[in-house]
Amino acid sequence: MDKRVSHLQNGAYDLQKSDVAIRIINEVTTEYVFIYLYSTSIEWGAYAQERMVQVAQNTQAGIVYSDRYRKREDGKTDAYPVLDYQEGSLRDDFDFGGVLLCKTSLLKQAASQIKANYLYAFLYALRLEVSRKAKIVHINEYLYTEDPTSFSEKPNAFDYVDPKNRSVQMEMEAACTAHLKNIGAYLKPEFKEVNLYEAVFPVEASVVIPVKNREKTIEEALLSALMQQTNFSFNILVVDNHSTDRTTAILQKMAFKEKRLIHLIPSRKDLGIGGCWNEAVMHPQCGKFAIQLDSDDLYSNYQALATIVEAFYEQNVAMVIGSYRMVNFYLEEIPPGIIDHREWTPENGRNNALRINGLGAPRAFYTPLLRKIKLPNTSYGEDYAVGLAISRDYQIGRIYEPAYLCRRWEHNSDANLSIHRLNAYNHYKDSLRTQEIWARQNR
């Protein structure tokens, strides 16, 4: 046993609680301490602990973590890499793996400077505090093996919007907000005014639907848009990204019968979802408000468009985010049910947006502003990127009653992701947060 190192098990001590964690940390007398984040068994590789201490000393890091393997039910193991830590790695569920090696003196210093009394968020606040004092270093080596069957509780991607976790999320938000204030990236609730009458448009609103190979769902999506009841004119801009199934034929048939449906096939063949959105928004037939409808989702009632447009005027905002109900392919509700993102408050929503991984749906934009900013040409995170950019200057309106059905099925862009694809997606969103932090610091 290396006498320079102590070992702390979060599950044994509940290190999320300020009073418990500070007392335990202050009792550590070794130069470094391993913190085991989960109640799970860890099988260390040869000289792995020694290697982590070596890297910590060489880099003078405050926290060191590594890639790991995971056991499968058949006894074999899979490589489970983690991401490099960035300035924008603010998610409270950032995956460090199961073990952190921390420099004790920095840990004690950071712990002493956390004034809030946390019941759930102390380790998150501690990590943010350490990140302001020293490097957080990822070792690109597989140094241990986890047995996921021994996890006491498996996290769910939608835990952060589950109402029963509201008190946890409020603490996480408070810790993140304090961090943003410390690094000069916090934004006060002061917003630019938006003029919703600055230009004339062919219609009041456009439903924007990027689509590729959705022959099973596109007709239902379109019908849910066409059946909207409004006292204003609207159209539907469908950007058909060179479908190779029956999607194009379905769209052509429907567009022939319904003049409000504008079927667009871009000349470029290098467009992601964001690029398709730009095609629609820049089109001369786009309305004053561009409103999202994914090609496998539906509006859940006939007043969805009217409600969204009304929110723009009532709240005088540049963007509106609604709420949705999670359903399966057959439109039956599935857990966690309604996703309303009530953590987005008018006072602090744009700061808390840097902590969470999504902003909600359906999303709607004031077209003149979206034409200036545009969406990145990606097929993941493009909506998050533009939402962060808009929120930097403008208030984002919210609708908390669900008017959208979000289908979860095997063809979703984020369904059945490998760890490598999931890491790529999370790395991209972390990079967006990093860029946004820098932009806010430079205001």
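This report walks through the cores, helices, selected residues and unusual backbone spots of a predicted model.

## The nonpolar cores

Let us start with the inside of the protein. In soluble globular proteins, nonpolar side chains tend to be buried together. In this model, the largest nonpolar core counts 114 residues. The residues with the most contacts inside this core are Leu126, Leu222, Ile236, Ile291, Tyr299, Phe312 and Ile390. Helix α5, spanning residues 122-131, supplies the largest share of the core, namely seven residues. Another core, of 17 residues, lies apart from it, and its members include Tyr32, Phe34, Ala56 and Ile139.

Ile236 is a good place to look at the packing of the largest core. Beyond residues up to four places away in sequence, Ile236 touches Val207, Ile209, Leu222, Ala225, Leu226, Arg260, Leu261 and Ile262. Leu222, one of these partners, is itself listed among the residues with the most contacts in the core.

## Two covered helices

Helix α5 is mostly covered, with nine of its ten residues buried. The buried set is made up of Phe122, Leu123, Tyr124, Ala125, Leu126, Arg127, Leu128, Glu129 and Val130. If you colour this helix by residue type, you will find Arg127 and Glu129 among the buried positions.

Helix α13, residues 382-391, is also mostly covered: ten of its ten residues are buried. Its buried residues include Glu382 and Asp383 at the start of the list, as well as Tyr384, Val386, Leu388 and Ile390. Ile390 appears again among the residues with the most contacts in the largest core.

## How α2 meets α4

Two packed helices are described by the angle between their axes and the distance between the axes. For helix α2 (residues 18-27) and helix α4 (residues 104-112), the axes come within 10 Å and cross at roughly 145 degrees. The crossing of α2 past α4 is left-handed.

On the α2 side, the meeting residues are Ile22, Ile25 and Asn26, and on the α4 side they are Leu107, Lys108 and Ala111. Sorted by class, this contact has four nonpolar residues, one polar residue and one charged residue.

## Three residues up close

Asp92 sits in the loop between β5 (77-80) and β6 (99-103). Its relative accessible area is 24%, so Asp92 is classed as partly exposed. The side chain of Asp92 makes a polar contact of 2.4 Å with the side chain of Arg355. Leaving out neighbours within four places in sequence, Asp92 is in contact with Tyr124, Arg127, Gln169, Met172 and Arg355. Two of these partners, Tyr124 and Arg127, are buried residues of α5. The C-alpha atoms of Asp92 and Ala121 are 8.6 Å apart, with their positions 29 residues apart along the chain.

Ser224 belongs to helix α7 (residues 218-226) and, with a relative accessible area of 9%, is buried. A polar atom of the Ser224 side chain lies 2.8 Å from the backbone oxygen of Ala221, and a polar atom of that side chain lies 3.2 Å from the backbone nitrogen of Tyr299. Outside its sequence neighbours up to four places away, Ser224 touches Leu293, Leu298 and Tyr299. Ala56, in helix α3 (residues 48-59), is buried because its relative accessibility is 1%. Ala56 touches Tyr32, Ala61, Val64 and Leu101, not counting residues up to four places away in sequence. Tyr32 is also listed with Ala56 in the core of 17 residues.

## Backbone spots worth a look

Most residues other than glycine have a negative phi, and most peptide bonds are trans. A cis peptide bond joins Pro335 and Pro336, with omega about 5 degrees, and Pro336 is placed in strand β14 (residues 333-339). Ala361 and Pro362 are also joined by a cis peptide bond, with omega about -5 degrees. Pro362 lies in the loop between α11 (349-352) and β15 (363-366).

Gln60 has a positive phi, near 55 degrees, and is found in the loop between α3 and β4 (63-71). Gln60 counts as partly exposed because its relative accessibility is 48%. His341 has a positive phi too, near 50 degrees, and is placed in the loop between β14 and α11. At 2% relative accessibility, His341 counts as buried.

Notes:
Residues numbered from 1 in each chain as written. Predicted model: local features only at pLDDT ≥ 70, side-chain atom pairs only at ≥ 80, totals over all residues. Heavy atoms only, no water. Core = buried A, V, L, I, M, F, W, Y, C linked by side-chain atoms within 4.5 Å. Buried < 20%, exposed > 50% of the residue type's maximum accessible area, 1.4 Å probe, protein only. Helix = DSSP H or I, 4+ residues; strand = E, 2+ residues; numbered from the N terminus. Contact = heavy atoms within 4.5 Å. Axes fitted to C-alpha atoms, helices over the stretch in contact; angles between N-to-C directions. Left-handed = near helix turned anticlockwise from the far one by under 90°. Nonpolar A, V, L, I, M, F, W, Y, C, P; charged D, E, K, R; others polar. Polar contact = N/O pair within 3.5 Å; in protein donor to acceptor, adjacent residues only side chain to side chain.
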